[in-house]
Amino acid sequence: MRKIAKICRARSSGQLFIVAAIAIALIISSITVYVYEFNRENQAPEDHLVSEYFLVVKQGSRNAVISALANISDGGEKTVLAENVGALSEAYLSVMQNGIYQLSYTLFNSSGYADGVKLLWSDNGLGVSSAYVEFTLETIGLTFNATMTYAVNVTTTAKIAGYYTINGTAKDVNITCQIFNEEEPALVKNITTYYEDSGVWLPVTPSIINYGNGTYILSFTVFTSSDPVQVSVHISDLRGILVQANATCSSL
């Protein structure tokens, strides 16, 4: 976007790839342990046990998508999403001992998504980081045969709006931030704030009021000739997913 702050961050694609690899390895490891114990206790699963497999697979799928989106939103390659869910699919195929289990997936490509990913970081106070994957789980055994489809949509949304008041030669800026996970109010792990001064984006440390319901008030004072005041807020939610948005703060 033309106004999104171009802030240099000390990150490398190699480091991001390592983080993604570790995350998906942990997910697969936990799945393997669960399935091993489950298979040992249930050597001949019936239809009513398939639903338990489904719940494990669905949660693992969601964790893989969250891990990928956290990596991608922080500068990683979009291919991480396909790599994560692909590794997950192969893991299930290798650890399921009773019957045949096939987990296939389709990366969503519509409504702003490309290869399952949408990063919409705008100048109008709205920021969206989202990943959308459709899954199909097929199970075939001696006594059961089922096909289950489900979608995983992980979305972090930020809505920001602000104003400023003149205090002598200074400008007191107040910004309201609302954070959502899948349209539900969410908490944040970190908030970084910038303002524009004569075409240069500068960091600022605001005082923050957390209302505990996904709403945060950021307040700070700046000395800038820019009018109105342009701000950029970068937010990481508790899942590690980054979202950004810019907004114009007008004078009251």
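**Exercise 1. Tyr-150 and its ring partner**

Task: Decide whether Tyr-150 is buried or exposed, and work out which ring stacks with Tyr-150.

Solution:
- Step 1. Tyr-150 has a relative accessibility of 8%, so Tyr-150 counts as buried; buried means under 20% relative accessible area, exposed over 50%, and partly exposed in between, with a 1.4 Å probe and protein chains only.
- Step 2. This is a predicted model, in which local features need pLDDT of at least 70, side-chain atom pairs count only at pLDDT 80 or more, and totals for chains, interfaces and linings use all residues. Residues are numbered from 1 along each chain as its sequence is written, and side-chain values use heavy atoms, with hydrogens and water left out.
- Step 3. Rings of Phe, Tyr and Trp (its six-membered ring) pair if their centres lie within 6.5 Å; planes under 30 degrees apart count as stacked, over 60 as edge-to-face and the rest as tilted. The rings of Phe-135 and Tyr-150 have centres 5.2 Å apart and planes at 15 degrees, so this pair is stacked.
- Step 4. Phe-135 sits in strand S3 and Tyr-150 in strand S4 (residues 145-167), so the pair links distant parts of the chain, 15 residues apart; strands (E, at least two residues) and helices (H or I, at least four) are DSSP runs numbered from the N terminus.
- Step 5. Phe-135, at 1% relative accessibility, is buried too.

**Exercise 2. An edge-to-face pair**

Task: Find how many aromatic pairs the structure holds, then describe the geometry of Tyr-113 and Tyr-132.

Solution:
- Step 1. There are four aromatic pairs.
- Step 2. Tyr-113 and Tyr-132 pair edge-to-face, 5.8 Å centre to centre with 90 degrees between the planes.
- Step 3. Tyr-113 belongs to the loop between strand S1 (100-107) and strand S2 (117-121), while Tyr-132 is in strand S3 (residues 126-140), 19 residues apart.
- Step 4. Both Tyr-113 and Tyr-132 are buried, and ring pairs link them with Phe-108 into a cluster.

**Exercise 3. A salt-bridge network**

Task: Trace which residues the salt bridges join into one network.

Solution:
- Step 1. The structure holds three salt bridges; each is a side-chain nitrogen of Lys or Arg within 4 Å of a carboxyl oxygen of Asp or Glu.
- Step 2. Glu-182 meets Arg-62 in a salt bridge at 2.8 Å, N to O. Glu-182 is in the loop between strand S5 (170-181) and strand S6 (184-185) and Arg-62 in helix H2 (residues 47-73), so the pair ties together parts 120 residues apart in sequence.
- Step 3. Arg-239 forms a salt bridge with Glu-182, with the closest N and O atoms 3.0 Å apart.
- Step 4. Arg-239 also bridges to Asp-237, at 3.4 Å between the closest N and O atoms. Asp-237 is buried at 0% relative accessibility, whereas Arg-239 is partly exposed at 22%.
- Step 5. The shared partners join Arg-62, Glu-182, Asp-237 and Arg-239 into one network.

**Exercise 4. Cysteines**

Task: Count the disulfides and check how far the sulfur of Cys-177 is from the nearest cysteine sulfur.

Solution:
- Step 1. A disulfide is a pair of cysteine sulfur atoms within 2.5 Å, and the structure holds zero disulfides.
- Step 2. For Cys-177 the nearest cysteine sulfur is that of Cys-249, 9.7 Å away.
- Step 3. Cys-177 is buried, with a relative accessible area of 0%, and Cys-249 is buried at 0% as well.
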